[in-house]
Amino acid sequence: METHAHDHEHEHAHGEGPGIPTYDNRELIVREDIMAKAKELAHLITTTEEVSLFQRAERLIQQNEKVQGLIAQLKKRQKELVAFETTFKNEKMVEKIQKEIDDLQDQLDALPVVQQFQQSQVDVNYLLQSVISVVRDIVAEKVNVEAAKPAEGPADGYGE
C-alpha cells in the first residue's frame, strides 16, 4: 500500500492505475462547505409553496375523523389478514379480508382530503426530483467537459 500526505486511509484498487484511490461509502466525508449549501438548499425547499401545501394537507388528514377511522379499520384488517395467512392458514378468510381491505382503501382514496394529500406528496416529490436532476446534470456536464479537454493543443481537440 502506498503512503499519502493526507489523514485518512483507503485501499488502492488494483488495475485502476497508480494514485487512484477507491473509497468505501462510509469513508467519504462530504466537505463542510458542500454540506452547508445542501442544508441551505434543504431549508429553501421547506419554505416552498409545495411543502406548505403538503404540511397543510397532512394536518387535515390527521384531524379528519373519517380518514382516521378508515385508517384504523385498515390496520385492524391488515393484522387479521396476516393472522389468517400465517397462523390459521385459511385462504377463504384471507380472500374475504383482502376484499374488505381493498374496499376500505377505495373509500379512503375517494375522499377529497386524501386526494389533496396524495397530490401534495406527488408535487413535493417532483420538486425534489427536479432539484436532484439539476444538480446531477450540472455535475455530469462539468465532469464530462473537463474530462474531454485535451491536455494541450486547440480547444476543439483537433489539429490545426
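Is Glu100 buried, partly exposed or exposed, and what is its relative accessible area? Glu100 is partly exposed, with a relative accessible area of 23%, and the legends below place this residue within the predicted model.

**Figure 1. The whole chain in the predicted model is built from helices.** The chain contains 5 helices and 0 strands, so that, read from the N terminus on, its elements follow the order α-α-α-α-α. Of the 160 residues in the chain, 15% are buried. The accessible surface of the chain comes to about 13,100 Å², and carbon and sulfur atoms account for 56% of that surface. Among the contacts in the chain with a separation of 6 or more, 48% are made by residues 24 or more positions apart.

**Figure 2. Arg77 and Glu80 meet within helix H3.** The side chains of Arg77 and Glu80 form a salt bridge, with a distance of 3.8 Å from N to O. Both residues belong to helix H3, which covers residues 65-86, and because they are 3 residues apart in this helix, about one helical turn separates them. Glu80 has a relative accessibility of 25% and therefore counts as partly exposed, since that class lies between the limits of 20% and 50%.

**Figure 3. Arg77 also forms a salt bridge with Glu100.** In this pair the closest N and O atoms are 2.7 Å apart. The salt bridge links distant parts of the chain, for Arg77 lies in helix H3 whereas Glu100 lies in helix H4, which spans residues 91-110, and the two residues are 23 residues apart. As stated in the opening, Glu100 is partly exposed, at 23% relative accessible area.

**Figure 4. Arg136 and Asp137 form a salt bridge.** The closest N and O atoms of Arg136 and Asp137 are 3.4 Å apart, a distance that satisfies the cut-off for a salt bridge because this is set at within 4 Å. Arg136 counts as partly exposed at 49% relative accessibility, and Asp137 is likewise partly exposed, with a relative accessible area of 43%.

**Figure 5. Salt bridges that share partners form one network.** Which residues does this network join? Arg77, Glu80, Lys96 and Glu100 are brought together by salt bridges that share partners; Arg77, for instance, pairs with Glu80 and with Glu100. The structure as a whole holds 8 salt bridges, including the pair formed by Arg136 and Asp137.

How values were computed. Residues are numbered from 1 along each chain as its sequence is written. This is a predicted model: local features need pLDDT of at least 70, side-chain atom pairs count only at pLDDT 80 or more; totals for chains, interfaces and linings use all residues. Side-chain values use heavy atoms; hydrogens and water are left out. Helices (H or I, at least four residues) and strands (E, at least two) are DSSP runs, numbered from the N terminus. Buried means under 20% relative accessible area, exposed over 50%, partly exposed in between (1.4 Å probe, protein chains only). Contact means heavy atoms within 4.5 Å. Accessible areas come from the Shrake-Rupley method with a 1.4 Å probe; for residues, only the protein chains shown count as cover.
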